Amino acid sequence: MSAPNPSGWQPTMGDADYADEGFVTASGDRGLLLEEALSFEIGSAEKCGVDLIEPEHEPADALAPFLRKHAPDLPGLTEPEAVRHYSRLSRLNYGIDLGPFPLGSCTMKHNPRLNEKVARLPGFADVHPLQPTATVRGALEAMQELAHWLIELTGMAGVALSPKAGAHGELCGLLCIKAAHDDAGEMRDVILVPESAHGTNPATAAFAGYKVESIPATADGRVDLAALKEKLGPHVAGVMITNPNTCGLFERDMKAISDAVHAVGGYVYCDGANFNAIVGKVRPGDLGVDAMHINLHKTFSTPHGGGGPGSGPVVLSEALCPYGPLPFTERTDDGLVHLVEEDNADEFGHTKAFGRMTAFHGQMGMFTRALTYMLSHGADGLKQVAEDAVLNANYVLRQCEDLLEAPFGKAGPCMHEALFSDTNLPEGYSTLDIAKGLIDEGFHPMTVYFPLVVKGAMLVEPTETESRIGLDRFIASLRHVATRALNGDESLHAAPVLAPRRRLDETLAARKPVLVWKGEDSG
Amino acid sequence: MRYLPLTQADRTDMLAAIGAGSVDDLFCDVPDGLLLDGPVQGLPAHASEITVERHMRRLAGKNLAASDAPFFLGAGAYRHHIPASVDHLIQRGEFLTAYTPYQPEIAQGTLQVLFEFQTQVARLFGTDIANASMYDGSTACWEAIAMATRITRRGRALLSCGLHPHYVSVAKSMARFTGDTIASGTPDLSPQPGENELIAQIDDQTACVVIQYPDILGRIPDLTAIAEAAQATGALLIAVVTEPVALGMIEAPGNLGADIVVGEGQSLGVGLQFGGPYLGLFGCREKFVRQMPGRLCGQTVDAAGKRGFVLTLSTREQHIRREKATSNICTNSGLCALAFSIHMTLLGGEGLARLARINHARAQATVKRLSQVPGVECVNSAYFNEVTLTLPKPGREVLAKLAERGVLGGVALERLYPGVDELRNGILVTASELTEDEDIETFATELAEVLS
């Protein structure tokens, strides 16, 4: 393995004994390792971080019966205290800004700051969704431009922009399929989902009122085409396939799967969570896909923000386009972009829409960020994104497969994520130990115990925004932790010992849920 | 390309290290003919930061920003002052660029914020508990209906006429799947929403009554009466709050008998953003916790006995329960929840109460002045910061003309209820702490001219 950087310098532990476990401080803080109380424990009712004038008059008499008896019991903080509270809390978090965040299937890539700047321009950030259309032409143009990019990159016929996140996009896609079957007078009640699917796929199908039937995987980690064909019939509304799949492998039979599903009148939903592996290289439309959500917060770099917001536009085939939800944008021959809503849907020939998925037009703040990212990379850059993402994953796979079992490693290259399992670790050592050991190394762990089809799965997705130096550092740490496990280093079971918290008692949290602060007595 | 750290030399070395001849060897599983041989056609090549920013600025410049006009829109999205520190803090990379806190040892920042957020929402709503957020108010509303059907094992949802029509549309879209029955209607322009008519429609198949508070026309329904009637038949009352600032002033729905309270949290910290991302708020009685959708953060201790927080009760969720989950939601609105929580912390309960009184006072001033314009009448008897006005002409046309004069004067009921003749002349007008006397005067003057 090469040096961690061109100069050969690398950080060391120094005199490790210096970090004395028994050293006690009065504050609970340890140097720059800061603890922070709850806002309720440091705030008070008299404090306010916003200067507010005295209201000019008393409430109207008509409002009197509705007035609150007491102001909400929420202590306030002045601005300096609030800034400090949240800044200190932020220091307890790991983020992509601090290092690799190799969560497989989550695509934690760098979030360019130009995107943040653009999204905050008043013309985008300070515009109401129901302003007269003439005052929001630029916003509609931005949506139309984003739609154009998504359609061209996927080779599909249209796109529904409004879904709020990936799982919401899945619902949208299934609603379109349902609407198409209803329109054809067909009653179909089954969605086929591979065993390796994200949990959202079966959950979405069930939430949407379909029965879920599982399709087994082949020994090489792909959908079993023969098994799938056996399940097909007039009761099947469609399949939900992830491609590249959650084992990080391209579904070689995707076209044959689509053809078989179409032959019995079903539709093909593709979970686009892993689009980053093929963006600019392969167009899902060429694989026979009818609907696919695109997580703008994955492939197109809008920030995850500790769990959202996401954005899940759904690209649609010619067959499903007539059923897409309201609202959407359309450009007329005069060059103007229109917002198609309930009152003008007929005028635009969109008579079969099933209604809305959400109140307004979708995640505009994410649209502007994603469009900014696409324009920055261009078609050539996006192709390079997929190539570098796949190269980085294969590099991790090949540099670690001698220590960690790679269940599909022998069969060929992976796509954008490298999959390992814990089957070769000694008795008593598992994926959890590897993950927690990585935390002590200063890295966020990979996705663990997913996909379910692999025992003790570890799914590593480095993304294209990791440098060679960064990858080598991560690989060195992963190898070190794996070696500790292989050598039976029992101290690994205590990991992490260097993070803001040791392993947390999740059983206690679930057995006696404390979901809100109830004062001193809440423990 | 500025976002790609690998050099050409890195790529060559790495391909050699893994024994691949070219990068396309790594795409060998893609069937012949499906791998594109060059960049996707019809799209531009990469561009510099200068070029991209210029392009996006040009698009942004074609929009009339709320801050550049007298502004009076509401109807489920509200413009409020956001303290400068909110946006600064949510842009700290440790918040902005973190993932869902699946590894709690290195995500205590996000988790503690969620615990504080859940507490704030529960106290604001008057509910026992709240979750860690949903996508927005409209989707939270459907999730509440779905939850009520699970709890009551009944399939009929009764939506009040005062519920935002977009929320109704979302519920109807979803009910197509589930087979649930959605009963809804169009509001009339009475000064107070009529509870009796709604109560008369509750039957023994009704899973829930859904009522917006204040309603789409800005009126304030009597929740207590409806809660009693609903609960007497075994149905749940779901209250929907699209303007949480109102709860600084009017009683919390949970204190008036609502079983589930959902809302749109965009008013605090999030901003207008042309409709998204917004923030779904979700609170309910503690006994329903295992039927709740979405993520929950709970308090616990670590191996050394220190207080800490984790995502909990995950056995309700899709990544564990798959097709048996309570919802398919995964990603929610974490960063918007952070913004809401910071803004709420800066205000405190007393600050929110004062902010609410200011909003109401500005609305009173707006109504008083606009009512002096010939032909303009206020529908509402009671209101918080939003009212329905009737005009002598169709509202949509009037608002379009006002926009040409640089005034963003409200939301036309015709846009929300196309084809309903009785509502054509109505507009929704909202004021806030950002509404200045000068804005009101300009609105009134221009409105008078447009109507004359």
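This talk walks through a predicted model with chains A and B, beginning with chain B as a whole and ending with a few individual residues.

Let me start with the overall build of chain B, which contains 14 helices and 13 strands. Its C-alpha atoms fill a box of roughly 80 × 50 × 45 Å when the box is taken along the principal axes. A compact globule of 452 residues would have a radius of gyration near 22 Å, and chain B has 25 Å, which agrees. Buried residues make up 63% of the 452 residues in this chain. If we take the contacts in chain B with a separation of 6 or more, 73% of them are between residues 24 or more positions apart.

Now to the domains. The domain assignment divides chain B into domain 1, made of 66-80 + 349-451, and domain 2, covering 84-343. The centres of these two domains of chain B, taken over C-alpha atoms, are 27 Å apart. Where they meet, 31 residues of domain 1 of chain B are in contact with 27 residues of domain 2 of chain B. On the domain 1 side of that contact, helix H11 (334-370), strand S11 (386-390) and strand S13 (426-430) of chain B each supply at least two residues. H11(B) gives the largest share of that side, with 7 residues. By character, the residues of the domain 1 side divide into 17 nonpolar, 10 polar and 4 charged.

The next topic is the contact between the two chains, and here we may ask how many residues each chain brings to it. Chain B contributes 171 residues and chain A contributes 175 residues. On the chain B side, the largest share again comes from H11(B), which supplies 22 residues. The residues of chain B that touch chain A divide into 91 nonpolar, 54 polar and 26 charged.

Turning to the interior, the largest nonpolar core has 320 residues, and those that touch the most other members are B:Cys141, B:Ile145, B:Ala171, B:Val209, B:Val210, B:Ile238 and B:Val240. The largest share of this core, 20 residues, comes from helix H10 (residues 364-400) of chain A. From chain B, the core draws at least three residues from each of domain 1 (66-80 + 349-451) and domain 2 (84-343). To look at one member more carefully, B:Val209 is in contact, leaving aside its neighbours within four places in sequence, with B:Leu158, B:Leu198, B:Ile202, B:Ile226, B:Ala230, B:Ala235, B:Leu237 and B:Ile238.

One helix of chain B deserves a moment of its own, namely H5, residues 108-125. At 1.5 Å a residue, its 18 residues should span 26 Å, and its end C-alpha atoms are 25 Å apart, which agrees. Is this helix enclosed by the rest of the structure or left open, and why? H5(B) is largely enclosed, because 18 of its 18 residues are buried. Just after H5(B) comes B:Gly126, which takes a positive phi of about 75 degrees.

I would like to spend the remaining time on some local backbone features, bearing in mind that most residues other than glycine have a negative phi, and that most peptide bonds are trans. The peptide bond from B:Tyr213 to B:Pro214 is cis, with omega near -10 degrees, and B:Pro214 lies in the loop between strand S4 (206-212) and helix H9 (223-232) of chain B. A cis peptide bond also joins B:Gly276 and B:Pro277, with omega about 0 degrees, and B:Pro277 is found in the loop between strand S6 (260-264) and strand S7 (280-284) of chain B.

As for positive phi values outside glycine, A:Thr463 has a phi near 70 degrees and lies in the loop between strand S12 (458-460) and helix H12 (468-486) of chain A. B:Arg153 has a phi near 55 degrees and is found in the loop between helix H6 (137-152) and strand S2 (156-159) of chain B. Which of the words buried and exposed fits each of these two residues? A:Thr463 counts as buried because it has 26 C-beta neighbours inside 10 Å, whereas B:Arg153, with 8 such neighbours, counts as exposed.

Finally, in chain A, A:Glu41 sits in helix H1 (residues 39-42). A:Glu41 is exposed, with 11 other C-beta atoms within 10 Å. The C-alpha atoms of A:Glu41 and A:Trp517 are separated by 9.8 Å, although these residues are 476 residues apart along the chain.

Conventions:
Residues are numbered from 1 along each chain as its sequence is written. Chains are lettered from A and ligands numbered from 1 in the order in which they are written. This is a predicted model: local features need pLDDT of at least 70, side-chain atom pairs count only at pLDDT 80 or more; totals for chains, interfaces and linings use all residues. Domain bounds come from an automatic or database domain assignment. Two residues are in contact if their C-beta atoms, placed from the backbone, lie within 7 Å. Helices (H or I, at least four residues) and strands (E, at least two) are DSSP runs, numbered from the N terminus. Ala, Val, Leu, Ile, Met, Phe, Trp, Tyr, Cys and Pro count as nonpolar, Asp, Glu, Lys and Arg as charged, and the others, Gly among them, as polar. The expected span of a helix is 1.5 Å times one less than its number of residues. A residue is buried if 20 or more other C-beta atoms lie within 10 Å of its own, exposed if 12 or fewer, and partly exposed in between; C-beta atoms are placed from the backbone. The radius of gyration is taken over C-alpha atoms; the globule rule is 2.2 Å times the number of residues to the power 0.38. A nonpolar core is a set of buried Ala, Val, Leu, Ile, Met, Phe, Trp, Tyr and Cys residues joined through C-beta atoms within 7 Å.
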